[in-house]
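Got the viewer open? Let's walk through one chain as a whole, then zoom in on a helix pair in another.

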Amino acid sequence: MIDTLDPIPPGNIWAIDPSERVPIPFYLSTVQAGFPNPAENFLRQRLNLQDLCVQHPDATYFVEAAGESMIEDYIYPGSILVVDAALLVESGKIIVCWVNGACTVKRFVRYGKLVVLFPSNAHYTPLYIHPETDQFLVLGVVVRIVSKPPRWDSDQLKTAQDYVRTHRRE
Amino acid sequence: MYGLIDVNNMYVSCERSFNPSLNGKPVIALGNNDHCVIARSQEAKNVGIKMGQPLFQIRELIEQHQVQICSSNFELYGDLSSRLMSLLTNFADHVEPYSIDEAFVQIDTSFEGIYPSYQGLGSAMRDTVAQWLRLPICVGFGLTKTLAKVANKCAKTRPELEGVCVINSLESANEALSDFKIKDLWGVGSRYAAMLKKNGIETALQLRDVGDIDWVRDRMTVNGVRMVYELRGYPCRLLEINAPPKKTICTAMSFGQLIPDLKNITDALTTYLARCCEKLRRQESLARHVTVFLHTNPNRKTPGNGLPAKQYSASRSIRLPHHTNHLPDFLRYAIPVVENLLQLGYNYQKVGIILNDIVPESFRQQGVFSDWPDEKALQIGKTIDRLNHRYGRDKVRLASQLYQPDWSQVQGSLSQAYTTDWKQILKAS
């Protein structure tokens, strides 16, 4: 029974028709005359990052990382994490979860009844979760990390230029 | 076998899905302009907050019980709803989204080998939705849609069933229907309920076992007969996989503040008409009949003396010479109408539009005295829709539409659009 008075804008109700979800792999041509395009039989759908990163579209969420606690696992501030809620949470996996209301990304380790969340940065300490006293809820397992490559600062650039200068053949 | 899946306290559950610190606390969601309560968590129900209650009446309750308030975030609710509907296709081939938080499914008998029982299938659905979307659902199974509705209600009201109720035998049907009040039955409104009660029918079981089916037909039309047959286990309402296009389209939202002047009202009218045209194009239709209405706030008191303020409301309909879904075509007629209706000196709360006489785009008739609608104009509408879909709502719009209007809605405690806007996604440290 719906718990509301206002009508829902129809734009927010989407009918799902699985029969319409058909990717068309080959290019159909209506060319009647002339030399046929020899590549036509080989035309395929262009590669799509979504297909690579997202296994369960209905259970996948994107989360932005903040802070440097996972820097050794290549998760930098501003990295976009692809989080799959359909996967099983196992010890050793990187997960996104809420601990007492705060959203965090850490490595999950189960130790008996205790859950421990390990950062991957030597400057941070692990987080102990007590099942009775702490509020703990898992969003999902991190399956991909999307980051921009780090930029060189002026010193690194200068070092590189110096290297070229000193090693260049006279 | 039919099933009805429904999310408990949908809007509040969606807020909790991305903010688990709301779990266990009383939470309410507010409707347009944060005026009144449109969803309550169980905790909020327990402290006595009523459905549809205006916010100002419950200020003390909110203070006293630390009730958490959420403005309605339909972007989030809509996305979670579509994820739910799509997820259900993993369990059943046929899914009919019935409302934002409800869906009918049809389970073929071939599934019977895969799941140990309907009870087990229901539990599997509940567990999956809880893990993937963090939403609590109830599942009801029955031989017909009406029985599935009854089963779902039982699953909701009887905690010992753990959210899944199956009506697949005469005994289970008798048990569920015998204490099921007739007014809660799907398709029975308050009038039919009163009429049936007067005739001694108070439970769904009594309606099912009614002796004289013609008596039902006389009083409740053929729909009543269908209802009785559905209760007896003969499906009369089938799954509507492809919803038929709408016959009427309406947009009427209250302003965030009261508006006295023509300029802002015409602007709101333009924006609402633009929405209506988008809706028309989405279902590939054209409309011809426009009704414009506007009114003041009927609950407003005059500041100072506290007497009820002077009220004004008016509406007018016009028939265009041709069918169209092109915004400027509608505006040419709607703006003079609103100029005509408007009386100066009042503060208006709402302006609204209703479109009627809707026909499919492909079956329109050419007007006798006009060449409209212009094919080019219809094509432009489609292009604008595609651009706005890609670059954000109202990125391409008429110059007369304000982008950040003064009258826009009040949404004091809106949560983020976690799943539909890159700038608003969840942050994890």
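Helices and strands here are DSSP runs: H or I over at least four residues for a helix, E over at least two for a strand, numbered from the N terminus. Keep in mind that this is a predicted model.

**Stop 1: chain A.** Select chain A and color by secondary structure. You'll find two helices and seven strands. Trace the chain along its sequence and the elements come in the order α-β-β-β-β-β-β-β-α, with a helix at each end of the pattern.

Now switch on a surface for chain A. Its accessible area is about 12,300 Å², and carbon and sulfur atoms contribute 58% of that. What share of the 170 residues is buried? Color by burial and you get 29%. For a contact map of chain A, take the contacts with a separation of 6 or more: 50% of them join residues 24 or more positions apart.

**Stop 2: two helices in chain B.** Hide chain A and select residues 190–198 of chain B, which is helix α8, plus residues 213–232 of chain B, helix α10. Their axes lie 12 Å apart and pack at about 160°. That angle is over 145°, so α8(B) counts as roughly antiparallel to α10(B). The crossing of α8(B) past α10(B) is right-handed.

**Stop 3: the contact itself.** Show side chains for Y192(B), M195(B) and L196(B) on α8(B). Across from them, add W215(B), R219(B), M220(B) and T221(B) on α10(B). Color this set by residue class: five are nonpolar, one is polar and one is charged.

Note on methods. Residues are numbered from 1 along each chain as its sequence is written. Chains are lettered from A and ligands numbered from 1 in the order in which they are written. This is a predicted model: local features need pLDDT of at least 70, side-chain atom pairs count only at pLDDT 80 or more; totals for chains, interfaces and linings use all residues. Side-chain values use heavy atoms; hydrogens and water are left out. Axes are lines fitted to C-alpha atoms, for helices over the stretch in contact, and angles run from 0 to 180 degrees between N-to-C directions. Angles under 35 degrees count as roughly parallel, over 145 as roughly antiparallel, 65 to 115 as roughly perpendicular and the rest as oblique. A crossing is left-handed if the near helix is turned anticlockwise from the far one by less than a right angle, and right-handed if clockwise. Contact means heavy atoms within 4.5 Å. Ala, Val, Leu, Ile, Met, Phe, Trp, Tyr, Cys and Pro count as nonpolar, Asp, Glu, Lys and Arg as charged, and the others, Gly among them, as polar. Buried means under 20% relative accessible area, exposed over 50%, partly exposed in between (1.4 Å probe, protein chains only). Accessible areas come from the Shrake-Rupley method with a 1.4 Å probe; for residues, only the protein chains shown count as cover.
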